[in-house]
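Colleague: Before we discuss this model, I would like to hear the reasoning behind some of the labels attached to it. Could you set each value against its cut-off?

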Amino acid sequence: MPVTDRRTQQSIALSFLAGYVDTVGFIALFGLFTAHVTGNFVLIGSELANPSHGVLIKLLAFPAFVFAVALTRMAVIWLERGGKPPMFYLLLLQLVFLLGFMLAGYLIEPVSDSRAPLALLAGMLGAASMGVQNASSRLILQHLTPTTVMTGNVTQVIIDLVDILRGAADDALRQRCIKFFWPIVAFGIGAVGGAFAYKYLLFLALLLPAAILLWLGITEYLSEKPGTETPSTL
């Protein structure tokens, strides 16, 4: 598969995964955002003004996210110095955190106390998993659209659509609009899918994003073998 096609496929799949996992975390863990982690600041402010039991789990998610981003950065540096393509290993790292998120949640489901150790651990592992994905998008997939926070993507699509409608768009702009559009759609579908999956499967709903990461990892690993990649220009 050409490099461009594979990276676009990854962008769409990871956008679906982010919407899915973020929604599962939000429903299961008292409004915790695992992908859009800065959104927790708003919720923390709200809960500090109107005290409830959901502040600690949101506070702990942030250092877990920061740790995962830093770990990803160091892993990329180490792998690149060793001459190893890092994407496969980053997908594997994200998968480990995601499975930890699922296991911790499964052992305590349904979560009735946000301060329970396993609930806190689940939230931290979920945020760590999405931290790896955020960092991967910046470090490895920077030429594609962001896959975890859609606000910038939606803004860009609207700007491009306005230019298309007023007849000021060239082919490059139209292609950029398409590139930003599909991850937004995938994220939305993932969010809806995650909500319904959690309703019926609870934390076992995370088996689907785990399978997506496994599939992406295998695809990446096979593509790294000599002679399996089709050259392509971006």
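Modeller: A residue is called buried when its relative accessible area is under 20%, exposed when over 50%, and partly exposed in between. Please keep in mind that this is a predicted model.

Colleague: Why is Phe88 called buried?

Modeller: Phe88 has a relative accessible area of 19%, and because buried means under 20%, Phe88 counts as buried. Tyr89, at 35% relative accessibility, lies between the two cut-offs and is therefore partly exposed.

Colleague: What makes the pair of Phe88 and Tyr89 edge-to-face?

Modeller: A pair of aromatic rings is described by the distance of the centres and the angle of the planes. The centres of Phe88 and Tyr89 are 5.2 Å apart with 75° between the planes; since pairing requires centres within 6.5 Å and edge-to-face requires over 60 degrees, both conditions are met. Tyr198 and Phe203 also form an edge-to-face pair, at 5.7 Å centre to centre and 90° between the planes, and here Tyr198 is buried at 9%, as is Phe203 at 0%.

Colleague: Which residues form one aromatic cluster with Phe88?

Modeller: Phe88 forms one aromatic cluster with Tyr89 and Tyr221, and the count of aromatic pairs comes to 7.

Colleague: How do you know that helix 5 is largely enclosed by the rest of the structure?

Modeller: Of its 23 residues, 17 are buried, so helix 5 is largely enclosed. As for its length, helix 5 covers residues 117–139 and should span 33 Å at 1.5 Å a residue, which agrees with the 32 Å between its end C-alpha atoms.

Key. Residues are numbered from 1 along each chain as its sequence is written. This is a predicted model: local features need pLDDT of at least 70, side-chain atom pairs count only at pLDDT 80 or more; totals for chains, interfaces and linings use all residues. Side-chain values use heavy atoms; hydrogens and water are left out. Helices (H or I, at least four residues) and strands (E, at least two) are DSSP runs, numbered from the N terminus. The expected span of a helix is 1.5 Å times one less than its number of residues. Buried means under 20% relative accessible area, exposed over 50%, partly exposed in between (1.4 Å probe, protein chains only). Rings of Phe, Tyr and Trp (its six-membered ring) pair if their centres lie within 6.5 Å; planes under 30 degrees apart count as stacked, over 60 as edge-to-face and the rest as tilted.
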